[in-house]
2 protein chains.
Amino acid sequence: MSAVGVSLERIDGAEKIAGRAVYAGDLRLPGMAYAKVLRSTVPHARIRRIDCAKARAMPGVLGVLTRDNLHVASNSFGAYVRDQQILAGEKVRYIGDMVAAVAAADRGSAAAAVELIDVDYEELPAVYTVEDALVKNAPLVHETLENRKDPGYGRGGKHIVHDHSNICFHFRHERGDVEDGFLDSDQIFEDSFHFPSAQHYPMEPHVCVAQFEGEVLTVWSATQSPFPVRQELARIFGLPFSAVRVIVPSVGGGYGAKSGIKTEGIAACLSRMIGRPVKLAFGADETFKTICQPRAKVTIKTGVKKDGTFVARHCEVYLNGGAYANSGPSVTEKAGYRAHGPYRIPHLLTNAYSVYTNTVPGGAFRGFGGPQVAFAYETHIDMIAERLGIDPFEIRMKNLLDKGESFSSGDTPIDCDLKAGLKSVAQAIGWDARPNGQQNSGSIKRGIGIATAMKDGGGTNKPANAAVTIFNDGSVLLSTGSVEVGQGMRTAFLQVVAEELSVPTERVRVAALDTHYTPFDKGTNASSATSIMGQAVQKAARDARRQFLEAASAVLKAPVEEIRLENGMAMYGAQKLGFREVMQRHFRDTEGEIWGRGYFKIGKDENVPLGYPSPFWEIGFGAAEVEVDVETGEVKVLRYVSLTDAGKMINPLQCHAQDEGAAVFGLGQALFEDLSYQDGQLLNSSLIDYRLPTFADVPSTFTTFIMEGGGGPGPYGAKGMGEGGILPVAPAVGNAVFAATGKRLQMLKVSPL
Amino acid sequence: MSAVGVSLERIDGAEKIAGRAVYAGDLRLPGMAYAKVLRSTVPHARIRRIDCAKARAMPGVLGVLTRDNLHVASNSFGAYVRDQQILAGEKVRYIGDMVAAVAAADRGSAAAAVELIDVDYEELPAVYTVEDALVKNAPLVHETLENRKDPGYGRGGKHIVHDHSNICFHFRHERGDVEDGFLDSDQIFEDSFHFPSAQHYPMEPHVCVAQFEGEVLTVWSATQSPFPVRQELARIFGLPFSAVRVIVPSVGGGYGAKSGIKTEGIAACLSRMIGRPVKLAFGADETFKTICQPRAKVTIKTGVKKDGTFVARHCEVYLNGGAYANSGPSVTEKAGYRAHGPYRIPHLLTNAYSVYTNTVPGGAFRGFGGPQVAFAYETHIDMIAERLGIDPFEIRMKNLLDKGESFSSGDTPIDCDLKAGLKSVAQAIGWDARPNGQQNSGSIKRGIGIATAMKDGGGTNKPANAAVTIFNDGSVLLSTGSVEVGQGMRTAFLQVVAEELSVPTERVRVAALDTHYTPFDKGTNASSATSIMGQAVQKAARDARRQFLEAASAVLKAPVEEIRLENGMAMYGAQKLGFREVMQRHFRDTEGEIWGRGYFKIGKDENVPLGYPSPFWEIGFGAAEVEVDVETGEVKVLRYVSLTDAGKMINPLQCHAQDEGAAVFGLGQALFEDLSYQDGQLLNSSLIDYRLPTFADVPSTFTTFIMEGGGGPGPYGAKGMGEGGILPVAPAVGNAVFAATGKRLQMLKVSPL
């Protein structure tokens, strides 16, 4: 292969580095107004009155929006439960909830006017933790729940609805008989774990520009899910899809934060109200108050044989979903489904709950529930090993699933060699010569820990469409609904198209994303771009290739099957024609274009607990060597080894970069990321108070291994990746800290700093 | 029909009236620079040296572009002859020719810096008129002509190349034997006529924003021909089509001026040079110096029988093409082909020449050569009538072609009843009771004149593609390459799509035009949108309808042929489903889209003089009553009647508006429009010196008749229109002036004011 498997330079790299790439925040439209949002200062309250008189009177103010003048067909939205409002209706549910918005001629006036809005709250008792939210007669964050979607699970999976409680979503997953399993076991161990709530912190906060222009609402948005945003906006304003156009400029990172509506509804309402384009750009602090990774409490009870063989496992997963469901239900389902880990366990029962509280809403976050449960089951397995006096490496080797074995009855068999993966990680970190507990200078102790984790791939129930155009000059344009959020998808797809058409990569371009033109896609998430959309892209390229070969056969007067395509040439025997010549001779003049279309979707399967088979298995194995100062408690990660399976690397450089990025995300959560609250008030909504990993935190020895088992559904056997690397970091570090100090970490964050 | 034939309000009307429509000139991009062009101050010269040092040194200046730093793959462009340069190379060829360009942080600096550029010219002798340009050894405007396109005519038509002369293009059209014809004639009359050079004066001058962004050059341009512009830019910069994106925002009129590259090449070069988006907006005065309607000298010699029957006609047409060919050759060919008028003439010989001079380039202009020759043959026929003592109405009735008769051997038969048209015009103006020569108060005399003219329809050799998407909610989007230049094409096409799909018009939208997505089209000109693109639009809608019916038949479990579509519902027996329900039940969820495609192109035909049959015949009949002050020479048009044939009116209101607009264009040229030069210097390049018709010039009685003979190739029998109305105005007014005063006008303009 000439285009695939090559570390092609990112096509959007140069412009981004040079600052030439245009982001939604860069857009200026004639007459554009600037919006600012007023956020609730109380965690839970009924809104008695909103007085905007002073704000409206302020010079420069063009419009003030509240629940009283929204004039929308529907004020409620939400991917799984329509429990969120464009602007607060009857109640506010957390500090930061959006109450009103001002559009003004300049940013300053908008910010000043917002301060002049007077909201009369009737405060209500609030709940902040899962524990408080679940006590009997706890105050309800939502009295009623509109339009709760039933995911429609297959055998073994179940969605249980709890009304009049703060349980937003409950997923149950069962196989075998866990009670019998415990009776069969020699020993039973139960441990509980707490995982922090992290902020995605994309470099670009939420931002959009909305414009009602005559017949059409156009929104330029930094979103990961332009088509769902179109769908929600159409519903909110009672417009046909053909009258809603979502354009995605360059996006500065998403990590799950940019799924679904964020700024778009408010900006669109304001634009319609004042008859001008409106920009709404959140500050970093507002992004902290918009969406986060759900905090988790996980309890795992495992029955084992003396030799460490797993027999039965019971998992209880509680996610603090915050004030609105968002994609929390889906995260909860995935956390629950993955809660027992990549191990052979005959008897299993998992209950996973998403719980409403009066805190920042939790939702999709790189790893999608995986990091929370992986920390739990990978620390738990180390604790079991220690109690049984078995080597943590050995107990994993004993219980890890084999390639081809089933993770969950009916689901896709394991598609790569987990044990081989674990061996190479252990070898790379020097497992056999580990310095555990070894005292260095003074109070510094060292230790090594490992962890093996896995998540099912996303993008199920996701129809993917792609279009490949061959222009009359033989150049090629790919149009796909996947969003370039920095993961390098545009470059990888370009390579696939070039490979399928046998043209040089520089002849191929990727079109900008515009829901008026781009074929439908459901959103860019769950490592599904390469694995799911990649198949639509490949099919579209093959459809275009087929049509091109027909053109070539007409021009070369040769049977289609005897024409070879190579490096932008069509060849038949001694004849050789460039793509341009073929197109222009076949279509004459400048008129001819070839339109290739590709479609892919995974079908429903009742035999699978989640109702859809996992398209692939995304693994994340890790090993860490840490240094702990037993006096200060400071933890340094000296060396880190990450391993995942790409199936096939379309662009090796980008694959390694994705895995490194994921691992660094994991380090942040293991060491110091956590949103702290006091009486519902978020205390660290800025980088001054909230600590993100910096280059100084990157281990001096940092290795990423990427297996290429070829077992993926994507082009040339590619699997999704970019999330696996985050899963094992926290437990690997925690296990290393235990090895160094004998202190077991069951509640992150590790670092006292 | 529910959607077609209705005077639907223009979909872009409200936003344009409210000033909300976004034009290229409204765009602001981050870091955008402003460009200004330096134009030649001499009519004809070799450029010795261009010194930009002072300009480059000026604060605010970001880049200065000249022939010396263009760095393009090709500096020459042109639709028919590649004789024009992005910036002057070796020579400048008229006062206003573009020599250099500056990009600066603000408009002011750009304008000031341009003044600091010092150009060293070696002046050359110049030619301004056709007469001067054709004398032996006249100075050559172009020494050599690269890439002259051979139009490849059919029988009777011919393209003759004259090298080493100022003849840019020569079209010859012959049938029968004109010399024999003259021998057969009782009398022979020869007259010469001069038609002025007019300026299109679209309300929006030429403007674009160009941006080289990483891999792709994007140009937002006020152009009538985005795809040819893409093609030229790709060639100029050596880029694949997939790397050139031309987006067309709202356009403020074109009338032919906005065909082909104008500002785009310079703005793109500057953007690449300085790494920023660049806006280049011409002032109105610069538009005057960019393109105009070619001045014409037409000599017609006609042989007739005593009773006024035409026997033979010899036409000589000379168009002053100015310094560059532009679309002049095509205008020349059309002027030549139409030079003998809509009459039965057995023997014919026409030679039409486009001649280079050192004046503003001439090119496409509403009417496309038609007004020049119509003025000649319609004044000529009145002169013949007078000499033979025949009524001008009768002589036309005697010689006009019948419906079904051939205008030119092999070409499409006449598709409407010309005589019926002439009768209604004569009747409406009150021909039989005409007040010719009647003396009113003092020096005021009144008279009535008529004229009948015809042009072949354009859009031949024009492939038209269209796409119709039915979204999952049942709403519809049309994507077409035709440009909305104010003619109302978006509204008319929307009506066609709604009609074909049987959905309410408010469910249909028309997508913005973007060459990365919009199916290929060759340009919006020659009244071809409704008649040619309209067929592609109708086919695309029918393709979408077919696919939708299949979906409906699957959902309703009914045979396709038994399903009826009505007002957005699919019906089978008693069952009734909305489009949304059909789409969502058929495709499930939100994923399904239907893509309909339509393609239309007129095939080549060797039996037709121009190589392609005319898709339809666009007629323009007119009658004018004037009042002439024989002392001051002031001419007032009191009443005007215009008649054309729409075949079928898709939107009657818009059809009448188009015909009125065309007639008013004609009035301007008849009465006072003319570009005047002194030593090659254009004297009236502003509305202070150049007189355009105002509402005060519109006749107090102004009637437009539109026939609906249904003979057109477009949807439901529609023909193209919007140009016909301009053709007869000048001769009708001239003939009326003669009727009033006995003074014959063979050289426009009529008014001394």
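User: By what turn and shift can chain B be laid on chain A?

Analyst: Copies are superposed by least squares on the C-alpha atoms of residues with pLDDT of at least 70 in both. In this predicted model, a turn of 180 degrees with a shift of 0.0 Å along the axis lays chain B on chain A, with an RMSD of 0.0 Å. That is the relation of a two-fold axis. B:Arg28 is the residue of chain B that comes closest to the rotation axis, its C-alpha lying at 2.9 Å.

User: What should I know about the conventions?

Analyst: Residues are numbered from 1 along each chain as its sequence is written, and chains are lettered from A in the order in which they are written. Local features need pLDDT of at least 70, side-chain atom pairs count only at pLDDT 80 or more, totals for chains, interfaces and linings use all residues, and side-chain values use heavy atoms, without hydrogens and water.

User: In what order do the strands E19, E28, E29 and E32 of chain B lie in their sheet?

Analyst: Strands of a sheet pair through backbone hydrogen bonds, either parallel or antiparallel. Here strands are DSSP runs of E, at least two residues, numbered from the N terminus, and two strands pair if DSSP finds at least two bridges between them. The 4 strands form an open sheet, E19-E28-E29-E32 in chain B, with mixed pairing. E19 (444-456) and E32 (701-707) of chain B are at the edges with a single partner strand each, so one side of each has no neighbour in the sheet.

User: Over how many bridges do E28 and E29 of chain B pair?

Analyst: E28 (residues 617-629) and E29 (residues 635-645) of chain B pair over 8 bridges, in the antiparallel sense. B:Phe621 stands opposite B:Leu643 in E29(B).
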